[in-house]
Amino acid sequence: MKEHGKKVRLVHNPAAGDDDNGDKDELCQLIEELGHHCTVVAKKDAVKKIDPETDIIALAGGDGTIKMTIMALLEKKLRFKRPIAILPQGTANNIAISLGIPLDCKQAVSLWSQFQLKKFDVGMMTGLERKPLYFIESIGFGLFPILMEKMDKKSLNTASAEDEIRIALKQLRKLALTFPAKVLKLVTASGSIEKDCIMVEVMNISSMGPRLVLAANADPGDGQFDIIVVSADQRQELVAYIDGLLKKKNVTFNIKPIRANRLAMEWQGTELHIDDECKAYAGEQLKISLLDSLIEIIVEGK
């Protein structure tokens, strides 16, 4: 699909990005040089007072900015739904990586001259709080919520994105070696499992955390989750994968995912995350399902 002369709402997160990927004025200029009209708003105003003639919502930020905008659209019952264009400026940028969007903002904008719209599912979880909780990346038990809490306590203000990812990988490696396995109960339409695990991740996209590609074939628009279960006896497989990433090798995560569009699970631990947020958990049975193809995201045309 060719793209020209659109009204673009640029949502800019000034806390994300670096000098290489441009500030809001440079990004707006890039967009207008393609022949579009650009209006800039702050992250907190992503879908406030949106012009009904807006054609594209462009998000300059990281995975958190993308989730916040999608959640705001859901809260407004998608009244302001528009195709979303991602201009990656975060640390990990897992959503952009999973969709094949260049991490360089100039290259990401250049996709608009010839693009296609990619359907994007949203995950829904019930059983933890009174209202359903939604996610766009992943939800999981075990290693990752602990990693997130430890990384939040570190002072990384002066660290580059690559340095921060490397620090997270080293911390994850330590956790993978020492975290005590706990019992997971998982039920899908294809069967049930009950085993000692160190990690379970219900993934909507292929990449998570410090750019770990745990579900290489995951498609966020196919109506299916990719569920990654790392059992106690697979601990060394995870460590070996992390080691390969630390050595900057082209490594593959070899634990095969379980595919399902709905599931129920319980965990004997207290560690739970939903996207980038840790939640209190006390053994509740969680039910997880998909809201199919709610959002459209601009990706490279074929």
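How far apart should the end C-alpha atoms of α6 be, given its 18 residues? At 1.5 Å a residue the helix should span 26 Å, and its end C-alpha atoms are indeed 26 Å apart, so expectation and model agree. Keep in mind as we go that this is a predicted model.

Let's stay with α6, which runs over 161-178. Its buried residues are I165, A168, L169, Q171, L172, L175 and A176. That list makes sense if you recall a bit of helix geometry: an α-helix has 3.6 residues a turn, so residues three or four places apart point the same way. And what lies over these buried residues of α6? The cover includes α5, β9 (191-203), β11 and α7.

Just ahead of the helix, have a look at K154, which sits in the loop between α5 (143-152) and α6. Is K154 buried or exposed? Neither, quite: its relative accessible area is 34%, so K154 counts as partly exposed. Setting aside neighbours within four places in sequence, K154 is in contact with I167 and Q171; Q171 is also one of the buried residues of α6. As for E164, K154 is 10 residues from it in sequence, and their C-alpha atoms are 9.9 Å apart in space.

Now for the empty space. Rolling a probe the size of a water molecule over the atoms shows where such space is left. The second largest pocket holds about 380 Å³. Its lining is made up of 19 residues, with I165, L169, P210, R211 and L245 lying nearest the centre. Two elements give two or more residues each to that lining, α6 and α7 (235-246). The largest share, five residues, comes from α6. I165 and L169, then, turn up twice: they are among the buried residues of α6, and they are also among those nearest the pocket centre. Sorted by class, the lining has 11 nonpolar, two polar and six charged residues.

R211 deserves a second look for its backbone. Most residues other than glycine have a negative phi. R211 goes the other way, with a positive phi near 60 degrees. You'll find R211 in the loop between β10 (207-208) and β11 (212-213).

K49 is another non-glycine residue with a positive phi, of about 50 degrees. Its place is the loop between β2 (37-42) and β3 (56-61). Here the solvent picture is clear-cut: K49 has 85% relative accessibility, so it counts as exposed.

Technical notes
Residues numbered from 1 in each chain as written. Predicted model: local features only at pLDDT ≥ 70, side-chain atom pairs only at ≥ 80, totals over all residues. Heavy atoms only, no water. 1 Å grid on protein atoms, 1.4 Å probe; cavity = no way out; pocket = protein on both sides within 12 Å on 5 of 7 lines; lining within 4 Å. Points joined across faces, edges and corners; volume = space filled by probe spheres on them. Helix = DSSP H or I, 4+ residues; strand = E, 2+ residues; numbered from the N terminus. Nonpolar A, V, L, I, M, F, W, Y, C, P; charged D, E, K, R; others polar. Buried < 20%, exposed > 50% of the residue type's maximum accessible area, 1.4 Å probe, protein only. Contact = heavy atoms within 4.5 Å. Expected span 1.5 Å × (residues − 1).
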